[in-house]
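Reader: Please take a close look at one loop for me, and then carry on to the other places that deserve attention. I am in my first year, so spell out the terms.

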Amino acid sequence: MANDLDPRMQAGEDVLPGTVRVLLPLPLADAYDYSVPEGMEAEPGRFVVVPLGKRLVLGVVWGPGTGEVAVERLRDIAEVLECLPMAETTRKFIDWVAGYTLSPAGAVLRMAMSVPSALEPPRTETVYFAPESGRDPLIKLTPARKRVLDQLEGGPALPMAELCRLVGVGSSVVKAMVQAGLLETAERVPRRAFAQPDGGRPGPLLSDGQAAAAQGLVERVRAKTYSATLLDGVPGAGKTEVYFEAVAAALAEGRQVLVLLPEIALTAQWLKRFEDRFGAPPSPWHSGLTSLERRETWRAIAAGRIGVVVGARSALFLPFADLGLIVVDEEHDGSFKQDDGVLYNARDMAVVRARLASAPIVLASATPSLETVTNASGGRYASLHLPARHGAHGLAGIEAIDLRRQPPPRGQWLSPPVVEAMRNTLAQGEQVLLFLNRRGYAPLTLCRACGQGLECPQCSAWLVEHRFRRTLTCHHCGYAEPPAKVCRHCGAEDQFVACGPGVERLAEEALSLFPEARLEMFTSDTLISRDQASAAVERMTKGEIDILIGTQMAAKGHHFPNLTLVAVVDADLGLNGGDLRAAERTFQLLYQVAGRAGRQDRPGTALVQTYIPEHPVMQAVVSGDRDRFVAAELADRAAAGMPPYGRLAALIISGADPGQLDAFCVALSRRTPQVSGVSILGPATAPLALLRGRHRRRFLLKAPRDTPLQPILHDWLSGVRLAGSLRLQIDIDPYSFL
Ligand SMILES: [Zn+2]
Ligand SMILES: [Zn+2]
């Protein structure tokens, strides 16, 4: 009850307990108001513990209270954590991402609080040291005690385990010395020392073109203001060396650097190049870290004790204390788009993060995305182009093999010219990469008796045979079953036939052709861990592998000096998807794969097997003329009003009950917004009509580039209620159209 002692009843703003908005890292939540008990300081950014229902949850003070709930009904903040507050730029970034992706801010905050244990007070440890006053000369020391004092006098305080190990005594000796007053103790927070990359080390000798580009980037770092720069050049032109100069400049200024790489491209080779340049490794941030490593890295980034972080898209949400540069390498890569939870493109959000932090960002690629190319040509981004290194082989000689004229023998996948080229290459002691972007043995298993394929019971997708693991697997939901004997459709026995090739089947064929060759597969199924992948790269680099068979995992980030033949087994594969970026993605992938051959002093050859050599993508790949491809593809997109000239957003509605789902879609289509220039397609059954047992429908919104889609979507969806089991996903700038 309010009485005279209740501070809320007293006059004067300064004694009123404040109310604040606290954002909780929950997918449903916007910020809620809480009251701040007297004597508690809860500035924006502070991590706090607040009651929610019957639980206590962690949150972040987001700003002053909204006043939407009467003060007397508010609950108190339970605790303000001692840890460093969340920086203002990080909070602004979270709000921005939430607004752009139309996600609850709490869902975005959750990504920025991925290591809640890092917020707990760090555990202290007891350390032992010799008193400053020195030892009493009258006390006789045993040899063990003398060794302990010799170690600690003039040296740093040490925890028990380390002291005992260094001196070779048991803990009882140390404890007795404390009792005797020979040693003192203190409590301290253990800190892992992170190796510090040194920006002052001299870099490699750069060509004139590289040096000019590097100088341009260094100036942007020193300007300490936002800028976005596209850094492009063919594979081997030295993009990494050039952006390393910008990293060095940021380190020299004592600032932090974030390098975003697709997880697949964060290879041991990349890390080694970094370490060679800076004398110490960067701090990696990826799914392979232990929880202890995550916690220590998170804290050290927040405290500014880590200079360079390299990671996949989630690294964007780390609590940088003083971000001075962001680099997005392989910026065109589709894996920067997160397709689960908050649907965001880390490349695009990195640009926003750089702008909010007043830091420069560098987007590097040999095959920049059309979005980035357009931003550069439109003047929104600066552009630095690296010429091919003089005297070095850039791209391999690329040749299309027309499978209509030179088909492989029946039931096989390698055409005669490819087999011939493999034979010559192996005879010279050089290496071959067979590229097929399809995991497993066969993408489809058919019953000969009834003609039906084996489908995933939970998705509209074929089960893929993995002979290596002896399963039939769904690549969409992970469902797996043992290879069947009896057809579930017609009951016929032993009538199954594998259709089409996967890498495992290709390996079988290559081994039957070249039984002497040392062959390995480079796929996510055969190389499960990061270490296994590194070891395979090492074997390939050392020449212990003759034929490497790989999916796109093999296309990125590796340099194999003795690899002189690359054969793309099915270049048409990526074009069948029929989505907006199918041609672009196919071109990028083929261009990157072809760029693997002959990167050092040996000329390489890339052979591209296709049924459609006249297709513009194949023509562009064979000519190696990236600019021609980009110009043709951009013209197509412009004519269709598609990105980067228009904007897209997708709504994906899913549910277990198709009747309920369709009723909801009809209700939605009755209230589609009428905005000039904006068209809404759908509802349509999604190509992946069933996923994990849920039926799926799609709407697609298309708008001119200068029309923001968020307010339109917001208006459209604000009045509808999702029935029970239905789920609605909003995908701004979609990359997947399944
Ligand atoms: Zn059958
Ligand atoms: Zn499935």
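Author: Pro 644 lies in the loop between helix H17 (626-640) and strand E27 (646-655); helices (H or I, at least four residues) and strands (E, at least two) are DSSP runs, numbered from the N terminus. The model is predicted, so local features need pLDDT of at least 70 and side-chain atom pairs pLDDT 80 or more, while totals for chains, interfaces and linings use all residues. Residues are numbered from 1 along each chain as its sequence is written, chains are lettered from A and ligands numbered from 1 in the order in which they are written, and side-chain values use heavy atoms, without hydrogens and water.

In the loop after H17, a cis peptide bond links Pro 643 to Pro 644, with omega about 5°. Another cis bond runs from Gly 682 to Pro 683, where omega is near 10°. Pro 683 sits in strand E28, residues 679-691. Most peptide bonds are trans, and most residues other than glycine have a negative phi.

Arg 692, in the loop between E28 and strand E29 (694-704), is not a glycine, yet has a positive phi of about 50°. Asp 733 is not a glycine either, and its phi is positive at about 55°. This aspartate lies in the segment after strand E30 (727-732).

Asp 733 is also buried (under 20% relative accessible area; exposed is over 50%, partly exposed in between, with a 1.4 Å probe and protein chains only). Asp 733 has no salt bridge (a side-chain nitrogen of Lys or Arg within 4 Å of a carboxyl oxygen of Asp or Glu). The nearest side chain of opposite charge, Arg 647, is 4.9 Å away; Lys and Arg count as positive and Asp and Glu as negative, with His and the chain ends not counted. Neighbours within four places in sequence aside, Asp 733 is in contact (heavy atoms within 4.5 Å) with Tyr 100, Lys 337, Asp 348 and Leu 648.

Next come the metal sites. Cys 447, Cys 450, Cys 487 and Cys 490 coordinate the zinc ion (ligand 1) through their SG atoms at 2.2 to 2.4 Å; donors are N, O and S atoms within 2.8 Å of the metal (3.2 Å for Na, K and Ca), and sites may look incomplete because water is not among the atoms. Angles of 108 to 111° among the four donor atoms make the ligand 1 site tetrahedral (all angles between 85 and 135 degrees). Its donors are spaced C-x2-C-x36-C-x2-C along the chain. Cys 487 counts as buried because its relative accessibility is 3%, whereas Cys 490, at 38%, counts as partly exposed.

For the zinc ion (ligand 2), the donors are the SG atoms of Cys 456, Cys 459, Cys 474 and Cys 477, at 2.2 to 2.4 Å. This site is tetrahedral too, with angles of 105 to 116°, and the donor spacing is C-x2-C-x14-C-x2-C. Cys 459 lies in the loop between strand E18 (444-447) and strand E19 (464-466), and Cys 474 in the loop between strand E20 (471-473) and strand E21 (480-481), so the pair ties together parts that are 15 residues apart in sequence. Cys 459 is buried, with a relative accessible area of 2%, and Cys 474 is buried with a value of 2%.

The structure holds zero disulfides (pairs of cysteine sulfur atoms within 2.5 Å).

Conventions:
Tetrahedral: all angles 85-135°; square planar, octahedral: opposite > 155°, others 65-115°.
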